[in-house]
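Thank you all for making time this morning. I would like to walk you slowly through one structure, so please have it open in front of you while I talk.

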4 protein chains.
Amino acid sequence: MLIVMGAHATPEQTEAVCKKIEELGFKPHPMPGASRTSIGITGNPGPIVPEPFENMPGVVELIPVTRLYKLVSREFKGENTVVQVGNVSVGGKDLVVVAGPCAVETEERMIRIAEKVRDAGAHMLRGGAFKPRTSPYSFQGLGLEGLKILAKAREVSGLPIVTEAIDAESLDLVEEYADVIQIGARNAQNFSLLKKAGRAKKPILLKRGMSATLDEFLLAAEYVMSEGNYNVILCERGVRTFADHTRNTLDLSIVPEVKRISHLPIITDPSHGTGKRHMVTPLSRSSVAVGADGVIIEVHDEPEHALSDGPQALLPDQFARLMEELRLLAPVIRRGLPLVAV
Amino acid sequence: MLIVMGAHATPEQTEAVCKKIEELGFKPHPMPGASRTSIGITGNPGPIVPEPFENMPGVVELIPVTRLYKLVSREFKGENTVVQVGNVSVGGKDLVVVAGPCAVETEERMIRIAEKVRDAGAHMLRGGAFKPRTSPYSFQGLGLEGLKILAKAREVSGLPIVTEAIDAESLDLVEEYADVIQIGARNAQNFSLLKKAGRAKKPILLKRGMSATLDEFLLAAEYVMSEGNYNVILCERGVRTFADHTRNTLDLSIVPEVKRISHLPIITDPSHGTGKRHMVTPLSRSSVAVGADGVIIEVHDEPEHALSDGPQALLPDQFARLMEELRLLAPVIRRGLPLVAV
Amino acid sequence: MLIVMGAHATPEQTEAVCKKIEELGFKPHPMPGASRTSIGITGNPGPIVPEPFENMPGVVELIPVTRLYKLVSREFKGENTVVQVGNVSVGGKDLVVVAGPCAVETEERMIRIAEKVRDAGAHMLRGGAFKPRTSPYSFQGLGLEGLKILAKAREVSGLPIVTEAIDAESLDLVEEYADVIQIGARNAQNFSLLKKAGRAKKPILLKRGMSATLDEFLLAAEYVMSEGNYNVILCERGVRTFADHTRNTLDLSIVPEVKRISHLPIITDPSHGTGKRHMVTPLSRSSVAVGADGVIIEVHDEPEHALSDGPQALLPDQFARLMEELRLLAPVIRRGLPLVAV
Amino acid sequence: MLIVMGAHATPEQTEAVCKKIEELGFKPHPMPGASRTSIGITGNPGPIVPEPFENMPGVVELIPVTRLYKLVSREFKGENTVVQVGNVSVGGKDLVVVAGPCAVETEERMIRIAEKVRDAGAHMLRGGAFKPRTSPYSFQGLGLEGLKILAKAREVSGLPIVTEAIDAESLDLVEEYADVIQIGARNAQNFSLLKKAGRAKKPILLKRGMSATLDEFLLAAEYVMSEGNYNVILCERGVRTFADHTRNTLDLSIVPEVKRISHLPIITDPSHGTGKRHMVTPLSRSSVAVGADGVIIEVHDEPEHALSDGPQALLPDQFARLMEELRLLAPVIRRGLPLVAV
């Protein structure tokens, strides 16, 4: 059930409703909107009886929630969620571009790439310190050392950091060092990790699982939100199909569908979504045109020597040209693409 | 093998090479380019020995063809193929929009929709007279009567007609009445029909099969071209995957890949590619942004009463707004979107 | 609607009902069962009013049909359909094994293989005269010449012939020369060909399309049956998925589902279903164990020189061992595997 | 590289080689076979130079390993691995049947089902205490309480326990209480969990990921083995495809392929693999016929009230009939199906 507080409800009234929900043994999720606050309820094993709430001061409506998902849905929150990362707003009017190497390799390279993508107009910096690799014998990332390099690169470039957590331990470290905690496709149904991400104090970039349906994708976000972290950025990164001309099939149709039923922002990852350098720029344009709130792009200055995923990385000057293309494209779909304020 | 004639080779020299190819029992495919003509060879069971050709006048190069496909490849023809349909050029600088109902229903409706899509800026008119339906008990199309209605709609609207042929008989009729012969996804590996389309005198709009790989898609075009019809327009219409939020998964990544290895134009079908009205406009923008040469869109003025595929049809005014969006988008990717010259 | 005639209804009463159906402009499909005859109706645009039938002599029940499919369903015919091919019964108590090369190559080879598979216990002989090939430059089959070789091989071996028709012309020829007309996966939604197969006088072996859902598979059979040919043998031949360790993914779960909702026999094709020789025997056992009515197996005596699909063909002695394994397996699942009566 | 010790090599010689490997900073994996011991090496960033080993006493061969996977491959270990769970051998001559409810619900029910499946001939007992559920609002399992119930059921029934671990914490608990630790499909690329499972002292039942390729499946096992736990039982549980007549598509072809390239045992899960009760028995027969080492089956005595996955659970008497069918089938494929020795 969703409890809608009137436009003139006081904070005390909202709090009283939340308290009542807790007294019943459930968890309240107050979500302030532009004109009024909704309160979602989770933790209830079945439908909730309306009686205890219907006469409480400030309550104007009680909406039974019928969807599989609650907190992620537009039923729960009509307006778009804008996730704030430092100066950067994800899901607002402006597009957001995250860029950087697949993996953190050395401090010199990380800083060099960070400055280049910042100069080209990127708003956030990506780079993996903990790498989920298909083979145990592939480079697994620099770990804590990588996080420290990322922090250094943030200091130098001024860009907030997005990096992946792959388990409980790395999540604690990533939360400490990074600005956005990424949960990767391979952990998209690692529910323990999702719950822990839901207790973190930093925004979550949540990738769609390799064969996740729309419901599974949104329910992964629901796992995070049900623990109290409402700052979730969804990310389409390609799904697994029979098609063999790409590494994955980037499913852009999920963007308008997510926008229709959820208030969460969604970006795309054309680098993993295609696995081929020559496709990254067209699919980035395509992602923006379909309505995504941004893109996350792999950039490397020597992709032939990259420790992972070199074939899909753009060179810095290719990335700069991509930014120019997106800058032309943004106003056509009534979005902005601001220069980053460092 | 590909035989390249020099920039100054005479038509007689080219013809002599073609004759020699025929004498050997093979089929020559001369393909004039901007600066020089290439001659492809098909019908050879194995590699061709270069000797008979290497000293013929006008021949400047003999290129062994290693790819699976020959005539569709950029090895064979470096420049983009532009398919001419009346005044409309498909694959040139300008984008092309094909619009109309899924099926031809009545003359009145067809003409009404034709005029509306033309007024909104469509360049060609679509409408099925022969409908390949999953169930034998679904509406199978008006057949010849439908083709006559389409011809009438062309007369009234001035728009060239695209309509589907589903077998040898209907192909003859469609060739007689229409301007472009569509081969649908369900016949994408109906090789007899593809060969017959290759002997038709009208351009072919060839849809990707429901689970066609890139190779299978291009080899379907190769079937058509190997019979002598080089006017093939490819069309991505969504493929079958596990994803259940759309009818098919529109695989936009195939557009840049086709552009890289083939000279043929490619458009997309966001109506069948998604099956949902609210996705057609965003996926159309997305298709144009990824580099497609155009889109084919279902438009119906009473979709709730359409005899097939109503849920994916745009209303005429939704289509008009889509055209406005594409008109803004085209220059950003350095394409034009001309008003149709009727 | 399904009209059920009583156990004591006379042929004249059944005929009178069929006539009434025709008078209404529809098509009657009388289907005699062990104890009583059902009459299906097709050609009706919507639900049929029961009045004209409910008081006709012999009629005992009028059952509204709600399924997507009519004639293929167990609602229409409760007992298993047994398709008779000469002495061979497909879909009865006994398992049926069809074997032979992918393509007919030479008369000598065809006869040699025919005798070997017959001696090992095969009940029918397969071999393609018309080959649907992905590339126009691959071997397309011997055509009519191949059919004549097959007829010769039947004469010598005594085995009935199964071979594929790929279009209207080849279907006429195949109907003339063969005992069972195969419709391949690539033509599984070539509805014109399916309708024509429905007017043929020989049984149809209908392969599942490469990405056909259960509904699409059964509706393809419905197309055949709706034209009056009720002798349809279904064949699971693997579907297209992301899995790359096989050519296709053999979907054995469709066998019990087909058995549950349809009365038609179903066999499997472990050769195309896997594309790998070493998997053919285990997947054949597996097919029989899951409840299939038989298997169709590619056998070649020099697979390394086969004109198509060599890597998936069993050698004759491998096939003989497979037959021994199936002979042990059959009684366990209460089926027979008879020696062919030549 | 793989170091093969001669048939007469002493344990000390083998140990010396392992030490040398450790001195180089790598990890040795000695794997005793029937006639000789192989030593795998992991932890090396690139190819290993053979010099330090080629003259060591007892070493008879140095084999460069070219496959993606090392420890799971038959190159590394030619003979089948037999995983011992109490009295039960998985991967040996005899088939193994694991049965029980999807989730542990109450002690009474668990014990009741345990006794029934044991009486019918099951060799191990399954039941989830930690349930990975798509929705955060679905029943998540009884946790530690569930493990205690399972231990009680083992005590009463004498059957070893298989149950799933979903994160680091639950893995420690499962290792303490259960006999086999299951890693589920959703965690098939949770590499941290796989590594931790590799340090556990109990055998691992590793399910194939929902869209895992063969390589990904085997590399998940490689993750476990590379940490030193060689007791891995693979489990095919169906993959995600477009097919909609089952919950997943059980890919039985992976069984012979795994057997060809790996020495690990593999069983199948027809309950999750189909999601439909009426398919479980035929697909179980089919799994055994294709060469699987056993099956894991969901059994519930009141499936209509099950807290999860009721529609795919067999009733105890259906399970008993399944066991009878497998008992008839086993000898045909030269396997045994022993009565459990409790």
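**Two copies, one sheet and one leucine**

Let me begin with the two chains A and B: a rotation of 180°, with 0.0 Å of shift along its axis, superposes chain A on chain B with an RMSD of 0.1 Å. The two copies are therefore related as by a two-fold rotation axis. If you want to find that axis on your screen, look for Ser286(A), because its C-alpha is the one in chain A nearest the axis, at 2.2 Å from it. I should say at this point that what we are looking at is a predicted model.

Now, how many residues does each chain bring to the contact? Chain A contributes 34 residues, and chain B contributes 34 residues as well. On the side of chain A that touches chain B, the elements that give two or more residues are α8 (254-261), α10 (277-290) and α11 (316-332). The largest share of that side comes from α10(A), which supplies 8 residues. Sorted by class, the side of chain A that touches chain B holds 18 nonpolar, 11 polar and 5 charged residues. Of the interface residues of chain A, 100% are also interface residues in chain B, so the copies meet through the same surface.

Let me turn to chain C, where 4 strands form an open sheet in the order β2-β3-β1-β4, with antiparallel pairing. Which strands stand at the edges? They are β2 (27-32) and β4 (59-63) of chain C, and because each has a single partner strand, one side of each is left without a neighbour in the sheet. From one strand to the next, the twist averages 20°. Within this sheet, strand β1 (residues 2-5) of chain C pairs with β4(C) in the antiparallel sense over 4 bridges, and you can see there that Leu2(C) stands opposite Ile63(C) in β4(C).

Finally, I would like to go back to chain A for a single residue, Leu173(A), which has its place in helix α5 (residues 168-177). Is Leu173(A) buried or exposed? It falls in between, because Leu173(A) has 18 other C-beta atoms within 10 Å, whereas a buried residue would need 20 or more and an exposed one 12 or fewer. Leaving aside residues up to four places away in sequence, Leu173(A) touches Leu144(A) and Leu147(A). Glu22(A), by comparison, is 151 residues apart from Leu173(A) in sequence and 31 Å apart in space, taken from C-alpha to C-alpha.

Technical notes: Residues are numbered from 1 along each chain as its sequence is written. Chains are lettered from A and ligands numbered from 1 in the order in which they are written. This is a predicted model: local features need pLDDT of at least 70, side-chain atom pairs count only at pLDDT 80 or more; totals for chains, interfaces and linings use all residues. Two residues are in contact if their C-beta atoms, placed from the backbone, lie within 7 Å. Ala, Val, Leu, Ile, Met, Phe, Trp, Tyr, Cys and Pro count as nonpolar, Asp, Glu, Lys and Arg as charged, and the others, Gly among them, as polar. Copies are superposed by least squares on the C-alpha atoms of residues with pLDDT of at least 70 in both. Two strands pair if DSSP finds at least two bridges between them. Axes are lines fitted to C-alpha atoms, for helices over the stretch in contact, and angles run from 0 to 180 degrees between N-to-C directions.
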